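Let's take a walk through this one together. Have a look at the model first, then read on.

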Amino acid sequence: MTFQDLKNRRNRIVHSFTATSDHDSHKQVLYSLDPKTKEQEEITEAYLLEFIKENEVFALRLDEFRNEILNNV
């Protein structure tokens, strides 16, 4: 996954909106416009957890990169 992919996923989450679930009328869920299909798509808990994992990988890489720069100065 590229940084651009991660940024796009983040934007889908940030710009999502709450609505009543299609499966459970008593449950509020997040929806976002799928950029490819142009249809509203539910942002699931699995999607959020995957984003968190991928974000952590990038954050750790960035931290390593910063440490390398500081150690070589």
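How far apart should the ends of helix H2 (residues 45-71) be, at 1.5 Å a residue? The expected span is 1.5 Å times one less than the number of residues, so the 27 residues of H2 should span 39 Å, and the end C-alpha atoms are indeed 39 Å apart. Helices here are DSSP runs of H or I with at least four residues, strands are E runs of at least two, and both are numbered from the N terminus.

Keep in mind that this is a predicted model, where local features need pLDDT of at least 70, side-chain atom pairs count only at pLDDT 80 or more, and totals for chains, interfaces and linings use all residues. Residues are numbered from 1 along each chain as its sequence is written, and side-chain values use heavy atoms, leaving out hydrogens and water.

Now, which residues of H2 are buried (under 20% relative accessible area, 1.4 Å probe, protein chains only)? They are Tyr 47, Phe 51, Glu 54 and Phe 58. An α-helix has 3.6 residues a turn, so residues three or four places apart point the same way. The buried residues of H2 pack against helix H1 (3-14) and strand E3 (40-43), with contact meaning heavy atoms within 4.5 Å.

Over in helix H1 you'll find Asn 8. Asn 8 has a relative accessible area of 36%, so it counts as partly exposed, the class between buried and exposed, which is over 50%. Asn 8 and Glu 41 sit 33 residues apart in sequence, and their C-alpha atoms are 15 Å apart in space.
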